Amino acid sequence: MSFVEPWQLRARFARALSEMYGREVPAYTTLVDVSREVNDAVVAAQGAAAERLGSLDRVTAERHGAIRLGTPREMAAVARIFGAMGMFPVGFYDLRDAGPAPVPVVSTAFRPIAEEELARNPFRVFTSLLAASDRRFFSAELQRRLERFLDRRVLFSPELLALADRAEAGHGLPAAEADRFVALATRSFELSREPIDEDWYRSLERISAVAADIGGVASTHINHLTPRVLDIDELYARMQARGIAMIDAIQGPPRWDGPDVLLRQTSFRALAEPRPFRRADGAVHEAAVRVRFGEVEARGVALTAAGRALYDELSVAVAAAQAAEPGADPAAVAARVWNERFPATERELVAGDLAFFAYELVADRRPDGRRPPADAAGLLDGGWITAHPIVYEDFLPRSAAGIFQSNLGESGAHDAGEAGADLDAGWLAGVLGRDLADPISLYTAQRERSLHAVRRALEPEAHLSRS
Ligand code: OOG
Ligand code: NI
């Protein structure tokens with residue numbers, strides 16, 4: 001009987017979720033179809049250049065999902081399920097102050113970390129935890145009521161968690177158990193048909209739509225699934241041509257003349273889905289809930305801390321320029337600011353240490369008596385090495401908050417005068433019982449490994465004497 005490895009569990013889970021979400025939200029299937037059309041068209045037009053940020057196979061299978069949980073206990077449980085699939089918490093996102101409007105959650109992304117694991121299947125899940133203890137959003141009384149409700153619900157069965165622990169400890173599962181694990185894990189994120197307590201849900205909704213979505217129901221659900229596309233502007237146009245209303249803009253960096261950087265995302269508005277509600281007198285009726293949507297993204301090269309600082313600076317500059325020119329096309333204004341101020345070639349991004357690249361020795365450029373330069377830019381200019389962009393595998397807090405907000409309707413009540421709860425990365429790591437990996441450190445380590453291998457090949461003796 002064959003053994004199923006973590007990456008295979010991850011790939012199967014991603015596929016099963018995608019099939020389930022396609023049945024639940026048919027517009028998602030349209031989004032996947034159109035993404036595939038666009039990706040095929042880009043590869044046909046550009047050839048190998050289109051695959052610079054990932055092979056067509058990887059990009060076609062690539063998805064991220066989003067889930068929202070209510071308690072530290074639920075968060076710790078989901079970490080075990082994702083751990084079984086080789087997905088680990090990376091990054092800390094505090095959406096309470098990420099603007100445009102505060103959202104009462106803190107989040108991390110569960111994803112593969114090793115390069116070869118990402119290449120096999122990069123499935124990631126943006127996972128948010130309700131900040132019920134934050135007085136700016138919730139009174140002590142509401143926190144108590146939320147916790148009482150959430151403490152009673154069981155999102156993940158003991159059987160699922162036991163299989164998860166066995167898979168993580170044993171680096172996989174035998175075939176029959178693997179099937180069971182994937183089926184149970186997928187089912188935990190299915191939209192429930194169990195009637196929702198109407199009074200409770202509506203009272204939460206008046207305070208916070210996110211709180212109602214998380215704490216107003218007895219189960220959790222996948223909130224969106226996001227395919228990756230190679231040309232997001234083309235996708236946006238094609239979706240609108242099919243009559244699917246998209247949110248107003250593509251979030252993240254603009255379309256401009258230079259390389260793709262970080263992450264660009266857009267979505268269609270949450271759809272009205274009929275859900276059963278139970279009134280106080282016991283009668284059940286259906287009402288529409290708008291929480292689930294479809295999103296699509298384009299990924300670019302990861303930025304260093306300096307590159308990220310420039311990105312943040314330009315975000316401010318773009319907003320100011322757009323405000324100053326209300327009649328102009330906002331996308332054109334953003335492109336102009338970027339074309340003026342963001343270095344437009346990979347060579348400049350390397351030289352300015354603004355983006356992450358992995359380096360590879362040029363096969364026929366062996367040591368020729370002259371000393372190779374020490375720095376990456378010099379090695380590149382001398383033809384010693386080539387640079388391959390390292391793809392940004394993470395998320396952007398401002399885009400994430402924007403995605404939440406654009407699909408929640410009104411922003412709810414919020415009292416900025418109260419002190420916020422102290423929920424930071426260290427706290428979340430404690431909740432998970434796992435370290436939170438830092439994205440910048442992961443990209444740095446990948447770059448350094450590649451440079452180390454290059455230097456070793458160029459200076460074998462020097463290396464031997466040093467090690
Ligand atoms: C998560 C929003 C964040 C993204 O792509 O930035 C996210 C949510 O709506 O629960 O998925
Ligand atoms: Ni998303």
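What follows is a chat about how the labels on this predicted model come out of its values.

User: Let's start broad. What makes the protein chain as compact as a globular protein of its length?

Analyst: First the make-up: the protein chain has 19 helices and twelve strands. Its radius of gyration is 24 Å, and the globule rule gives 23 Å for 467 residues; the two are close, so the chain counts as being as compact as a globular protein of that length. Along the principal axes, the C-alpha atoms fill a box of roughly 90 × 65 × 45 Å.

User: And how much of the protein chain is buried, and what share of its contacts joins residues 24 or more positions apart?

Analyst: Buried residues make up 54% of the 467. Among contacts with a separation of 6 or more, 75% link residues 24 or more positions apart. On the outside, about 20000 Å² is exposed, with carbon and sulfur atoms supplying 53% of that area.

User: On to the five-stranded sheet. Why are β3 and β8 said to stand at the edges?

Analyst: The order is β3-β4-β5-β2-β8, in an open sheet with mixed pairing. β3 (88-94) and β8 (224-227) each have a single partner strand, so one side of each has no neighbour in the sheet, and that puts them at the edges. From one strand to the next, the twist averages 20 degrees.

User: What makes the pairing in that sheet mixed?

Analyst: Take β5 and its partners. β4 (residues 105-111) and β5 (residues 124-130) pair in the antiparallel sense, over six bridges. β2 and β5 also pair over six bridges, but in the parallel sense. With both senses present, the mixed label fits.

User: Which residues sit across from each other there?

Analyst: On the β4 side, F110 has V125 as its bridge partner in β5, and V105 stands opposite L130. For another β5 residue, L129, the one opposite is L69.

User: How do you know that β5 is largely enclosed?

Analyst: Count its residues against the cut-off: buried means under 20% relative accessible area. Seven of the seven residues of β5 pass, so the strand is largely enclosed by the rest of the structure. Both faces are involved: R124, F126, S128 and L130 point one way, V125, T127 and L129 point the other way, and all are buried.

User: Which helices lie on this sheet?

Analyst: Helix α2 (residues 26-46) packs on the sheet and touches β2 (63-69) and β8, with its direction at about 10 degrees to that of β8. Helix α17 (residues 425-432) lies across β3, β4 and β5, and runs at about 60 degrees to β4.

User: There's a three-stranded sheet as well. What makes β7 and β10 its edge strands?

Analyst: That open sheet runs β7-β9-β10, again with mixed pairing. β7 (196-197) and β10 (284-299) each pair on one side only, which is the mark of an edge strand here. β9 (residues 263-278) and β10 pair in the antiparallel sense over 14 bridges; one of the matches is F277 with H285 in β10.

User: How do you know that the span of α8 is close to the expected one?

Analyst: Set the two values side by side. Helix α8 (residues 175-187) has 13 residues and reaches 18 Å from its first C-alpha to its last, against 18 Å expected at 1.5 Å a residue. Its buried residues are A175, A178, F181, V182, L184, A185 and T186, and they pack against β1 (3-4), α1 (6-24), α4 (72-84), α7 (158-170) and β6 (173-174).

User: And what about the span of α13?

Analyst: Helix α13 (residues 330-341) has twelve residues and reaches 17 Å, close to the expected 16 Å. Its buried residues are V333, A334, A335, V337 and W338, and their cover includes α12 (305-324).

User: Last one: why is H171 called exposed and L262 buried?

Analyst: Exposed means over 50% and buried means under 20%. H171 has 56% relative accessibility, so it counts as exposed. L262 has 0%, so it counts as buried. H171 lies in the loop between α7 and β6, and L262 in the loop between α11 (232-241) and β9. Neither is a glycine, yet H171 has a positive phi of about 55 degrees and L262 has one near 50 degrees.

Definitions and conventions:
Residues are numbered from 1 along each chain as its sequence is written. Chains are lettered from A and ligands numbered from 1 in the order in which they are written. This is a predicted model: local features need pLDDT of at least 70, side-chain atom pairs count only at pLDDT 80 or more; totals for chains, interfaces and linings use all residues. Side-chain values use heavy atoms; hydrogens and water are left out. Helices (H or I, at least four residues) and strands (E, at least two) are DSSP runs, numbered from the N terminus. The expected span of a helix is 1.5 Å times one less than its number of residues. Buried means under 20% relative accessible area, exposed over 50%, partly exposed in between (1.4 Å probe, protein chains only). Contact means heavy atoms within 4.5 Å. Two strands pair if DSSP finds at least two bridges between them. Axes are lines fitted to C-alpha atoms, for helices over the stretch in contact, and angles run from 0 to 180 degrees between N-to-C directions. The radius of gyration is taken over C-alpha atoms; the globule rule is 2.2 Å times the number of residues to the power 0.38. Accessible areas come from the Shrake-Rupley method with a 1.4 Å probe; for residues, only the protein chains shown count as cover.
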